[in-house]
Each structure stands twice: as structure tokens, then as C-alpha cells.
Amino acid sequence: MPSRFKLLRRLLTLCAITLLVMQAFTDLWSHLAIDPPASVLSLPWAAVAFGAMLVSSFWLYTAIPAELGVVVSIAFRMHRTSVVLILCASYAAGPWAWSLVRPVTPVQPGSLSVFSANVLYSRADLSRLDAEITRVDPDVLVFQEVDALKVRRLRAVLGDRYPYWIAEPSQDAFGQATFSRLPFVDEPVTMPEAIVEANGEVAHIITRVLVDDLVVEIHNTHTFPPLGRRFMVHQHRHARALTAHKSDADAVVLAGDLNSPDRGSILRLLNRDGFISVHAARGRGPGATWPDPERRSKITFLGLRTRIDHVLFTP
């Protein structure tokens with residue numbers, strides 16, 4: 001065999017092992033980093049955490065090089081390498097593929113439907129948003145990145161259908177608003193002390209509605225993005241404050257922009273403490289929410305999308 005082909009075989013084997021180790025480490029890190037002290041997020045650990053976050057954000061796309069490698073390794077009769085790459089592809093795309101075929105029980109009458117949307121610091125297309133709300137017809141709407149102007153526009157469009165509302169607008173990216181067609185059973189809370197202290201003094205709206213004689217508490221939240229050590233620490237403090245929040249409601253719904261993928265440490269923390277992802281339980285496919293495919297960016301140009309906006313609940 002020519003030396004160049006031997007080099008290619010060795011390179012392919014090295015790439016296969018590297019991909020498998022990267023996937024395994026990323027998954028392991030998301031469990032280990034659930035409760036990181038600030039010292040762990042100092043350099044170089046912050047760089048490691050950021051790299052793991054990127055891989056977990058675009059986890060599904062790691063199946064692409066694995067699948068290409070399978071084809072090449074089979075062509076070169078590299079059976080052991082092809083097995084490793086098949087494992088990598090299955091590890092990355094298996095849950096997504098299963099979600100397309102798994103049986104899902106129909107939504108039961110009397111269920112509560114919650115719609116969450118980040119309105120992009122008031123740059124969202126309100127006509128598109130209204131069309132999607134009309135199509136889905138949810139009971140409760142939670143919005144993030146809302147300023148005072150957007151609140152007025154949302155009230156003008158949604159006021160007749162969703163007469164109950166509460167807003168905590170802001171000129172930065174952390175204003176929020178909640179609209180409901182069900183009456184609030186308690187006075188809404190916009191700045192719960194324990195959560196606000198942990199999340200960096202940004203709004204967090206808590207409302208309660210009655211669904212078939214059950215009180216459901218709905219949290220509208222927005223965590224900091226994991227861009228830098230300080231924000232990473234804030235993210236984890238915010239998530240821990242959410243899990244530590246005590247509620248006497250029959251069920252709790254947590255919805256909003258969590259700036260964390262499904263395999264990220266923030267979602268792992270919330271899952272560990274009893275919150276279940278609606279999409280993980282009933283969704284089909286990757287359910288990507290970011291970035292908006294109709295907004296030009298380097299990421300959308302590459303076709304990369306992920307899900308950082310979530311609706312979770314306690315059973």
C-alpha cells in the first residue's frame with residue numbers, strides 16, 4: 001500500500017478517536033460542571049467549559065464528520081475505525097432519530113399550553129410572531145428581551161385574546177412580559193428577591209393560573225449567555241436559585257431563554273432537580289430555536305442551529 005494511503009488511514013483513525021473522546025468528554029463535563037465553584041471557571045477551565053458548551057450546542061452536527069468518516073473507512077476496509085465512527089454518529093444523531101419515530105400520547109383535554117419567544121431586543125417581526133401564536137393558540141405567552149415599546153405593540157396585537165398581562169420591560173436585553181387568556185389567581189411577581197439576587201438583578205416574572213382546579217405556577221426567565229467566566233457563574237447561580245425556589249403550586253412551568261442546549265450543564269442541573277423538558281418528552285427532531293434562520297449571521301450562513309429556549313415543567 002502506498003505510504004500516502006497509510007498516512008491517510010492513520011489520520012482517519014486519529015480523527016475517529018478524537019471525535020469519540022470529544023463527545024464523551026463533552027457529555028461528562030456537562031454532568032461534572034453542574035455545580036462549579038467560581039475557581040473552577042478560572043482560566044484555563046473557563047476555556048474548557050466554553051469549548052464543551054460549543055460542542056454540546058451543536059451536538060447533532062458532530063454526526064456529519066462521523067458519517068463521512070464511515071464512508072471513507074469502509075472504502076479503505078478499516079473495519080474497526082468504521083465501528084468507532086458509527087458509534088460516534090449514533091451517539092450524536094440517535095436521540096434525534098428516535099424522536100422522529102417514538103410514540104407520543106395525544107395532548108389531553110384541559111392541558112395547559114405555554115408559548116415562549118425571545119423577541120430579539122424588539123427586533124422580532126411582530127407579524128410573524130402573531131401568525132405563529134394564532135397557529136399554535138396557546139394559553140400563556142412568555143416573552144424575553146422586551147422593552148416598553150414592544151410591550152405596547154404586543155398589547156395592541158394580543159390584548160383582546162390575552163387580556164391578562166404583566167411586564168417588566170428593560171432597555172437592555174433582559175426585559176420580560178407574560179400574557180395569558182386565563183386570569184392570574186395571585187398578584188404576579190416580577191422581581192423575586194432570591195432569584196434576582198442570583199441572576200444578576202434581571203427580571204424574572206412569576207404568574208399563577210388555574211387549570212382544572214390545579215394551580216400552575218409559570219416562571220418567565222432569561223439567563224445570561226455563557227460568554228465569559230462571570231456570566232458562566234451567573235448562569236449556574238441563576239439555575240440553582242430556580243431549583244431552590246419553593247412553591248406550593250400543584251405544578252411549576254419554567255419557560256424562557258436559558259442560553260443552554262439540552263446537553264448543557266444548566267439543563268442537566270434543572271433535569272436533575274425534577275424539571276422535565278417538554279420537547280424532550282414530546283418533541284420531534286432537534287427543535288432548534290437559535291439563531292433565527294431569517295436573520296443573517298455567520299452561524300446561519302453555515303447552517304448551524306441549536307435550541308437554547310426551553311419550556312420545562314415539574315410533574
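Are Arg268 and Asp27 buried or exposed? In this predicted model, Arg268 is buried, and Asp27 is buried as well. The legends below begin with this pair and then turn to other close-up views.

**View A. The salt bridge between Arg268 and Asp27.** Arg268 and Asp27 form a salt bridge in which the closest N and O atoms are 2.5 Å apart. With Arg268 in helix 9 and Asp27 in helix 1, the pair links distant parts of the chain that are 241 residues apart. The structure holds eleven salt bridges, and further examples are shown in Views C and D.

**View B. Helix 9 and the residue Gly274 that follows.** Helix 9 spans residues 265–272, and it is largely enclosed by the rest of the structure, because six of its eight residues are buried. The buried residues of helix 9 are Ser265, Ile266, Leu267, Arg268, Leu269 and Leu270, so that the charged partner of Asp27 in View A sits in this enclosed helix. Just after helix 9, Gly274 takes a positive phi of about 110°.

**View C. The salt bridge between Asp248 and Arg208, and the network around this pair.** The side chains of Asp248 and Arg208 meet in a salt bridge, with an N to O distance of 2.5 Å. Asp248 lies in the loop between helix 8 (229–244) and strand 7 (251–257), whereas Arg208 belongs to strand 5 (residues 205–211), so the pair ties together parts that are 40 residues apart in sequence. The two partners differ in their surroundings: Asp248 is exposed, with a relative accessible area of 64%, while Arg208 counts as buried because its relative accessibility is 17%. Asp248 and Arg208 also belong to a network of salt bridges that links them with Asp186 and Glu217.

**View D. The salt bridge between Asp262 and Arg307.** In this view Asp262 forms a salt bridge with Arg307, and the closest N and O atoms are 2.5 Å apart. The pair links distant parts of the chain, 45 residues apart, with Asp262 in the loop between strand 7 and helix 9, and Arg307 in the loop between helix 11 (298–302) and strand 9 (309–313). Asp262 is partly exposed, at a relative accessible area of 33%, whereas Arg307 is buried, at 7%.

**View E. The second largest pocket.** The second largest pocket holds about 640 Å³ of space. Its lining is made up of 28 residues, and those nearest its centre are Pro95, Asp262, Arg263, Pro286 and Arg307, so both partners of the salt bridge in View D are found there. Helix 2 (45–57), helix 4 (79–101), helix 9 (265–272) and helix 10 (278–282) each supply at least two residues of this lining, and helix 4 gives the most, with five residues. Sorted by class, the lining has 13 nonpolar, nine polar and six charged residues.

**View F. A nonpolar surface patch that includes Leu14.** Phe5, Leu8, Leu11 and Leu14 form a nonpolar patch on the surface, and together they have about 350 Å² of accessible area. Leu14 is found in helix 1 (residues 3–32), and this residue counts as exposed because its relative accessibility is 52%.

**View G. Val140 in strand 2.** Val140 is found in strand 2 (residues 140–144), and it counts as buried because its relative accessibility is 0%. Val140 and Ser113 are 27 residues apart in sequence, and their C-alpha atoms are 6.5 Å apart in space.

Terms used: Residues numbered from 1 in each chain as written. Predicted model: local features only at pLDDT ≥ 70, side-chain atom pairs only at ≥ 80, totals over all residues. Heavy atoms only, no water. Patch = residues over 30% accessible without salt bridge, like charges linked within 9 Å, V, L, I, M, F, W, Y side chains within 5 Å. Areas by Shrake-Rupley, 256 points an atom, 1.4 Å probe, with all protein chains shown as cover. Salt bridge = Lys/Arg side-chain N within 4 Å of Asp/Glu carboxyl O. Helix = DSSP H or I, 4+ residues; strand = E, 2+ residues; numbered from the N terminus. Buried < 20%, exposed > 50% of the residue type's maximum accessible area, 1.4 Å probe, protein only. 1 Å grid on protein atoms, 1.4 Å probe; cavity = no way out; pocket = protein on both sides within 12 Å on 5 of 7 lines; lining within 4 Å. Points joined across faces, edges and corners; volume = space filled by probe spheres on them. Nonpolar A, V, L, I, M, F, W, Y, C, P; charged D, E, K, R; others polar.
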